[in-house]
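Here is a short report on one pocket and one ligand site. Take a look at the model before reading on.

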Amino acid sequence: MKGNDILVIDLFSGPGGLGEGFASYQNNNEEYPFKIGMSVEKDPHAHMTLTTRAFYRLAKQKGCLDGYYQYLNSNLSRAKLFESYKGIYESAFQETLEGPSELGKDNDHIHARVKELTENHNGPKILIGGPPCQAYSLAGRSRNAGNKNYVPKEDHRHFLYKEYLKVLSIAKPDVFVMENVRGILTAKVENQLIFPQILNDLQNPSKITGSDSCPSYRIYSLVEKTDEADNSTPASLNYLIRFEEFGIPQARHRVILLGVREDIKQIPDILDKNIYPKVSVKEAIGDLPKLRSGLSKKADSYDSWQEVVSKNAETLSKLHNIGVDVNKTDLQPYEDLKRKETVHKNKSLNQLPDHLRKWILDPELNLVLNHETRGHMESDLLRYSFCALHGEQRRFSPKAENFPAELAPQHQNWNSGSYNDRFRVQVSTKAATTITSHISKDGHYFIHYDPKQCRSLTVREAARLQTFPDNYIFEGNRTNQYTQVGNAVPPFLARQISEIVFSLIKKHYSNL
Ligand SMILES: C[S@@+](CC[C@H](N)C(=O)[O-])C[C@H]1O[C@@H](n2cnc3c(N)ncnc32)[C@H](O)[C@@H]1O
């Protein structure tokens, strides 16, 4: 690390979406000023993904990516890749702390590394990351509400941000970036909102950590303040970022806080809504190879799938008054579809807008990674087709009340309102809805817009909607991969934040 590099410490790193945005930022001299010094992640599969990506970055710097592409091509195993480029692998593995590490449990190891890195680096440093969100997330809270024995005060996940504070008070970074779910704004412990407390603690970390040498921080929002005169908008909403306004093909709404150390007098810019166009689902994923779904609970083959899809086309054509005109769309199954494709045949036909084309496509890569469908029940294939048709013709995903009785699942309370969003198609002309880690459980909220593919999104399609570059590989099995993608901060949004942080730091350190 050079003296004027900006050291990045990434906590709760997941697969590294936030870190990727920073590490990929290039200044006007085409240098990469942000260098990830350490990433802390407890999940072994996300940790593998982080290590592979750290390897990619270091190999790219050294101009030796051949082995990496051979690995992506399945011509080299991961173990052989690392063995062949031992020096690069060792640096990558060191960056990810030589293994999965848990904040709160492995603090001796983690804090020692934070001290070592920060004491040996005279240049600027930043802390990034978001303590996990399950306890704050609205879905998590409704699950907890059903658990009589759930006591928020005893849920350690409400307090993981204190682990962030501990590292903050050791590293004393120039700037920190903390991301979290919208639910953090309204979560309560003992009937008290927790967000004002978190803001307070982040401004004065020493009050919590007891370290009197820790400076205080000013906290900024990255978006324009909402109108103060509008009393219905709580001030906390000023921290909410609507990602679809910043060139991301997804209506993901997250809280992002930017902390600036007290001695740095500069004020950060905000994200600019006028730079990038809005991006639709089809523009983001339309060039990826078509695939068929698998059939679960039934012998799976193209022929049996084709039979089910043809039968479904017939069933749909016999339904009337279902809000869509089935005869308008040819529903005959595509010939010879596979469940997995690795060759990117239609890359040149992509409809990605300029900013994402440069960011996502890799001219050296003609492969599609992590693009394999999951299996679905036969009855769901019919519902997926209906939802996709509905999305195509009416431009919104059908609610329970829009479902023909023949297609309604056998839930007693199907029409009670609780199942309104049980199936959700990602409408091709709009931004996607939030890609969450729930995508690892079932695909019902993430139905592909093509009524003839009858399936949920693949990991790669979800990764595209999260703006991960196509050469970013997710390790672990398919469920692990979905979880990682759903957890991440979209790297392209993170890149926009990194630009704001760079400009602020540059103004403070005139020698950068
Ligand atoms: C919301 S994700 C982070 C996403 C990440 N910022 C990104 O952009 O890709 C939170 C991550 O924190 C990890 N995690 C949860 N508790 C942890 C702990 N105590 N120590 C380290 N990692 C933890 C989870 O495994 C999960 O991958």
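How do the residues of the lining of the second largest pocket divide into nonpolar, polar and charged? The structure is a predicted model. In the lining of that pocket, 18 residues are nonpolar, 8 are polar and 11 are charged.

**The pocket**

The second largest pocket has a volume of about 1,100 Å³. Its lining is made up of 37 residues. Nearest the pocket centre lie A23, S24, Y32, R57 and K60. Several elements supply at least two lining residues each: the helices α1 (17-23), α2 (44-61), α5 (86-95), α6 (107-119) and α13 (354-360), and the strand β2 (34-40). The largest share comes from α2, with 7 residues.

**The ligand**

Now turn to the ligand. It is surrounded by 18 residues. The closest are G17, L18, E41, L103 and V489. This shell divides into 8 nonpolar, 6 polar and 4 charged residues.

Polar backbone atoms of the protein also meet the ligand, as the table lists.

| Residue (backbone atom) | Ligand atom | Distance |
|---|---|---|
| G16 | oxygen | 3.4 Å |
| K42 | nitrogen | 3.3 Å |
| L103 | nitrogen | 2.8 Å |

How much of the ligand does the protein bury? Taken alone, the ligand exposes 610 Å². The protein buries 92% of that area.

L103 appears twice in this picture. It is among the closest residues to the ligand, and a polar atom of its backbone lies 2.8 Å from a ligand nitrogen.

Definitions and conventions: Residues are numbered from 1 along each chain as its sequence is written. This is a predicted model: local features need pLDDT of at least 70, side-chain atom pairs count only at pLDDT 80 or more; totals for chains, interfaces and linings use all residues. Side-chain values use heavy atoms; hydrogens and water are left out. On a 1 Å grid over the protein atoms alone, a cavity is a set of points where a 1.4 Å probe fits but cannot get out, and a pocket is an open set with protein on both sides within 12 Å along at least five of seven lines; lining residues have an atom within 4 Å of a point. Grid points are joined across faces, edges and corners, and a volume is the space filled by probe spheres set on the points. Helices (H or I, at least four residues) and strands (E, at least two) are DSSP runs, numbered from the N terminus. Ala, Val, Leu, Ile, Met, Phe, Trp, Tyr, Cys and Pro count as nonpolar, Asp, Glu, Lys and Arg as charged, and the others, Gly among them, as polar. A residue is near a molecule or strand if one of its heavy atoms lies within 4 Å of it. A polar contact is a pair of N or O atoms within 3.5 Å; within protein, one must be able to donate a hydrogen and the other to accept it, and residues adjacent in sequence count only if both atoms are side-chain atoms. Accessible areas come from the Shrake-Rupley method with a 1.4 Å probe; for residues, only the protein chains shown count as cover.
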